[in-house]
Amino acid sequence: MTTRRLFDVAVLGAGPAGLTAALQCAETRRVVVCTPRVLDLPTPLRVDCIPAQTLVLLGELGIEPTVIGASLPTGRVRQAWTSSGSEDVLAARTFHIERHRLDRALLARALSNANIEFTSFVHRPEFRAHVFVGDGWRAPLIIDASGSAAVMAPKRFHPVHPWAARTWLIGAKQDDIKGFQIAALPEGYVYRLGTGSHTTVGVVGASRFVRAKPEDILARLQEVGCGWILEALEPFTKRQPSWGGRGSLQWSSLSMLPVLPVGDAAIARDPLSSQGLATALSDALSAAAVVDDAALELFRSRHCTNLANHISSLASHLRSCRWRDAPVWAQYLRFLMGHAQTSTGTVTFLSHGRLTSAVRAS
Ligand SMILES: Cc1cc2nc3c(=O)[nH]c(=O)nc-3n(C[C@H](O)[C@H](O)[C@H](O)COP(=O)(O)OP(=O)(O)OC[C@H]3O[C@@H](n4cnc5c(N)ncnc54)[C@H](O)[C@@H]3O)c2cc1C
């Protein structure tokens with residue numbers, strides 16, 4: 001008979017959400033992290049944008065800004081969104097980081113933690129007699145951080161024709177740390193951001209558009225008057241490393257079992273919102289605070305509120321886009337409106353390491 005070691009928590013997935021949850025839980029509990037491939041994790045080669053508070057939070061987890069390529073903050077966006085002309089708008093203070101370096105730094109911390117063990121994910125865990133049974137382990141609680149695979153989700157929701165995303169990592173000039181740039185097209189949008197040593201160009205939208213040749217994407221940008229977004233940048237081509245991904249919203253329904261979906265496994269936000277990492281980390285910290293049934297209920301209510309708020313803010317952003325009536329945008333907007341929910345007005349937050357709820361003043 002196979003021996004299955006008992007852990008306090010099993011974490012599925014070793015992306016930012018899974019590793020943060022594992023590190024936080026490991027302060028007081030024994031954790032097993034299950035990944036499809038141990039120690040050879042694929043990680044996106046790209047520059048990501050995070051809010052200033054997330055950089056502070058990463059510092060508290062022991063990840064120094066220089067390790068992940070963060071330098072000067074930026075507080076402006078150059079965009080062609082509501083009209084054809086480009087405009088500079090003020091935005092919340094953000095930092096640009098090299099995502100592959102973040103994933104590696106979190107992994108290194110988790111690997112050196114004596115309360116965390118890694119194992120390969122082979123089969124979906126089963127729930128038997130109040131405990132989950134996995135490949136060589138047992139645990140009473142699962143934190144599902146498997147990204148958009150959301151392996152423990154009873155159901156996943158996404159548009160019938162989900163948007164795709166493709167990013168290129170390009171050597172950059174120093175001026176690329178200055179800001180985030182984005183241009184909307186009838187088929188989706190193109191964005192650019194840099195850290196000073198690297199720039200990422202991202203193309204998001206209908207999958208045919210995203211898979212087009214870089215020169216065709218550039219021609220389309222020029223046609224709609226947005227060629228400026230690739231100015232002073234060496235051409236992005238097939239020779240540069242590119243990374244694919246999901247480009248539109250997806251979320252999971254909640255399991256009746258003691259499963260806590262975090263990060264993209266809970267709500268996979270589109271790249272447009274630049275909130276994926278911030279919410280992955282805050283979900284992970286909230287999940288680590290779930291120690292009894294009452295906290296589990298608060299965690300579930302937090303998920304519902306987050307989802308209602310995100311759908312509403314994304315829909316309003318899409319409505320402000322000059323291409324909102326183009327078929328690709330209109331279809332996405334219809335999907336969002338079909339799932340719009342009224343927020344309960346209850347906010348759930350962490351206070352001194354405990355999940356707490358309060359009714360938001362209207
Ligand atoms: C093109 C693009 C650009 C983006 N830009 C930004 C940005 O600028 N700023 C930002 O904040 N966010 C951005 N995001 C979103 C951000 O990348 C995600 O929100 C973030 O990676 C979520 O972290 P996660 O740990 O939940 O999921 P992931 O990073 O997807 O990690 C999930 C992990 O689970 C593993 N896994 C999969 N299946 C299983 C299984 N069966 N068992 C165990 N493990 C499994 C995967 O291998 C992976 O390691 C972007 C996303 C895309 C696609």
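**Start with the whole chain**

Among contacts between residues at least 6 apart in sequence, 70% join residues at least 24 apart. Keep that in mind as you turn the protein, which is a predicted model. Show the cartoon: eight helices and 22 strands appear. The radius of gyration is 21 Å, close to the 21 Å that the globule rule gives for 362 residues, so the protein is as compact as a globular protein of that length. Along the principal axes, the C-alpha atoms fill a box of roughly 65 × 40 × 40 Å. Now colour by burial. Buried residues account for 44% of the 362.

**Stop 1: the five-stranded sheet**

Select strands 7, 3, 2, 11 and 19. They form an open sheet in the order 7-3-2-11-19, and the pairing is parallel. Which strands lie at the edges? They are strand 7 (116–120) and strand 19 (259–261), each of which pairs on one side only. Look along the sheet for its twist, which averages 20° from one strand to the next.

Zoom in on strand 3, residues 31–35. Five bridges tie strand 3 to strand 7, and the two run parallel. To find a matched pair, pick Thr-35: opposite it, in strand 7, stands Ser-120.

**Stop 2: the helix across the sheet**

Add helix 1, residues 16–25. Which strands does helix 1 lie across? There are strand 2 (9–12), strand 3, strand 7 and strand 11 (142–144). Compare directions here: helix 1 runs at about 165° to strand 2.

**Stop 3: strand 5 and its partners**

Move to strand 5, residues 74–80, and strand 6, residues 87–98. A hairpin of six residues links strand 5 to strand 6. The two strands run antiparallel and share five bridges. Click Val-77: its bridge partner in strand 6 is Val-89.

Now add strand 14, residues 180–185. Four bridges join strand 14 to strand 5, and this pair runs parallel. Label Arg-78 and look across to strand 14, where Gln-181 stands opposite.

**Stop 4: the three-stranded sheet**

Select strands 12, 18 and 20. This open sheet has the order 12-18-20, with antiparallel pairing. Strand 12 (156–157) and strand 20 (267–268) stand at the edges with a single partner strand each, so one side of each is left without a neighbour in the sheet. Two bridges connect strand 12 to strand 18, residues 250–252, and the two run antiparallel. Pick Arg-156 to see one position: Ser-252 in strand 18 stands opposite.

**Last stop: helix 8**

Finish with helix 8, residues 327–338. How far apart are its end C-alpha atoms? They are 16 Å apart, which agrees with the 16 Å that its 12 residues should span at 1.5 Å a residue.

Next, show side chains on Trp-329, Tyr-332 and Leu-336, the buried residues of helix 8. They cover an arc of only 65° around the axis, which puts them on the same side of helix 8. What do these buried residues pack against? Bring up helix 7 (293–319): that is their packing partner.

Now rotate to the face turned away from the buried side. Which exposed residues does this face of helix 8 carry? Select Pro-327, Arg-334 and Gly-338 to see them.

Terms used
Residues are numbered from 1 along each chain as its sequence is written. This is a predicted model: local features need pLDDT of at least 70, side-chain atom pairs count only at pLDDT 80 or more; totals for chains, interfaces and linings use all residues. The expected span of a helix is 1.5 Å times one less than its number of residues. A residue is buried if 20 or more other C-beta atoms lie within 10 Å of its own, exposed if 12 or fewer, and partly exposed in between; C-beta atoms are placed from the backbone. The arc is that of the directions from the helix axis to the C-beta atoms. Two residues are in contact if their C-beta atoms, placed from the backbone, lie within 7 Å. Two strands pair if DSSP finds at least two bridges between them. Axes are lines fitted to C-alpha atoms, for helices over the stretch in contact, and angles run from 0 to 180 degrees between N-to-C directions. The radius of gyration is taken over C-alpha atoms; the globule rule is 2.2 Å times the number of residues to the power 0.38.
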